[in-house]
Structures are given as structure tokens and as C-alpha cells.
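Welcome! Take a moment to look over the sequence and the model, and then let us walk through them together.

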Amino acid sequence: MISRFLLPLLAGAFLFAQNPPANPQPPYLKDFLNLSDSQIQGLVQLQQQKGQALQPVVQQTAQTQQKLQQILAEPNPDPATVGQLVIAIASLRQQVQQIASSFKQQASNLLQPDQRTKLPPLQLSLELQLATQQAVSLGLLNAP
């Protein structure tokens, strides 16, 4: 079940990294972090490289997920095979996390120390985004 959610997430990350937006100049982030054009170019290149690194893992995850679904659709799925596939999917998920972590570190290395200190508030806003949307939908907050 977790894999149903993981595969679209991985595929989305892969596709985004393969096809970055037409305008790779993120003006709000550029202003907030005071990024140079060369830093932005480096970050865009890292995203492309990340997509290339994720491609085989995403494909393997999709294939393994498909095998698991086929086996689970059988009248009497073999528990050992199901277990092996679940473990394989978990291993692939760990590979994705390692790749993402590596590229996140490389991206962070492109920033100056004062720019890095501005990342925690962005992380917090990302974590609060869903709660904020729900608060707006329940009338607790007004949308800007």
C-alpha cells in the first residue's frame, strides 16, 4: 500500500528533475536567499543530474511494484515472494532517500553559510503548508 504512494512521488520527482520549469529563475527564492545566477544554474544542473540518477531506481521500483501487484492478485500469493518484493521495494525506497540526501547536500554546498541559515524557515513553512490550507478551509485563517 505504501508503494502506491511512493511510486507517483518518485515518478513526479524524476519527471520534474528531467524537465525543469521553462524559467529556471525562481525569483522569490533568488531574492529570499540572495542567490547568484551561477548558483541557480548549479542548482538546476543538480536537479537534472538527480533525475538521471533516480531514473533507474524509479523504473526498478515500478517493475517491482507491478510484480507485487500481480502476485497479490493471484488466488494464493506466495508469502515468501510477497515478502521478498516488499523488502526489495523498501530497499529501493532507501536508495531513493540516499540519492536525494546526496543531492540535497550537494545543493546545500552551493550556498554560502548565510544563505544556508535561511533554509530552516522555508522548511518550516513547507511543513506547515497543509495545516495552513486546512485552517483556511475551516475558516480559521483568511487566504492572502
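## A salt bridge to start with

Let us begin with Lys 30, whose relative accessible area is 25%. Because buried means under 20% and exposed means over 50%, Lys 30 counts as partly exposed. Please keep in mind that this is a predicted model.

Which residue does Lys 30 meet in a salt bridge? The partner is Asp 37, and the N to O distance between the two side chains is 2.5 Å. Asp 37 is partly exposed too, at 47% relative accessibility. The count of salt bridges comes to one.

## The overall layout

Stepping back, the protein has six helices and zero strands, so along the sequence the pattern reads α-α-α-α-α-α. Of its 144 residues, 23% count as buried.

The exposed surface of the protein is about 10,100 Å², with 59% of it supplied by carbon and sulfur atoms. Among contacts with a separation of 6 or more, 69% are between residues 24 or more positions apart.

## A loop with a twist

Between helix H2 (27-33) and helix H3 (37-73) there is a loop, and Asn 34 is found in it. Most residues other than glycine have a negative phi. Asn 34 is not a glycine, yet its phi is positive, at about 55 degrees. Is Asn 34 buried or exposed? It counts as exposed, since its relative accessibility is 59%.

## Helix H4 and the core

Helix H4 runs over residues 79-109, which makes 31 residues. At 1.5 Å a residue it should span 45 Å, and its end C-alpha atoms are indeed 45 Å apart, so the two values agree.

Several residues of H4 are buried, including Val 82, Leu 85, Ile 89, Leu 92, Val 96, Ile 99 and Phe 103. An α-helix has 3.6 residues a turn, so residues three or four places apart point the same way.

Which residues form the largest nonpolar core? There are eight: Leu 46, Leu 54, Val 57, Val 58, Leu 92, Val 96, Ile 99 and Phe 103. H3 and H4 each supply at least two residues of this core. In soluble globular proteins, nonpolar side chains tend to be buried together.

## A nonpolar patch on the surface

Our last stop is on the outside, where Val 136, Leu 138, Leu 140 and Leu 141 make a nonpolar surface patch of about 410 Å². Leu 141 sits in the segment after helix H6 (119-137). With a relative accessible area of 43%, Leu 141 is partly exposed.

Note on methods
Residues are numbered from 1 along each chain as its sequence is written. This is a predicted model: local features need pLDDT of at least 70, side-chain atom pairs count only at pLDDT 80 or more; totals for chains, interfaces and linings use all residues. Side-chain values use heavy atoms; hydrogens and water are left out. Patches are made of residues with over 30% relative accessible area and no salt bridge: like charges are joined within 9 Å, nonpolar side chains (Val, Leu, Ile, Met, Phe, Trp, Tyr) within 5 Å. Accessible areas come from the Shrake-Rupley method with a 1.4 Å probe; for residues, only the protein chains shown count as cover. A salt bridge is a side-chain nitrogen of Lys or Arg within 4 Å of a carboxyl oxygen of Asp or Glu. Helices (H or I, at least four residues) and strands (E, at least two) are DSSP runs, numbered from the N terminus. Buried means under 20% relative accessible area, exposed over 50%, partly exposed in between (1.4 Å probe, protein chains only). The expected span of a helix is 1.5 Å times one less than its number of residues. A nonpolar core is a set of buried Ala, Val, Leu, Ile, Met, Phe, Trp, Tyr and Cys residues joined through side-chain atoms within 4.5 Å. Contact means heavy atoms within 4.5 Å.
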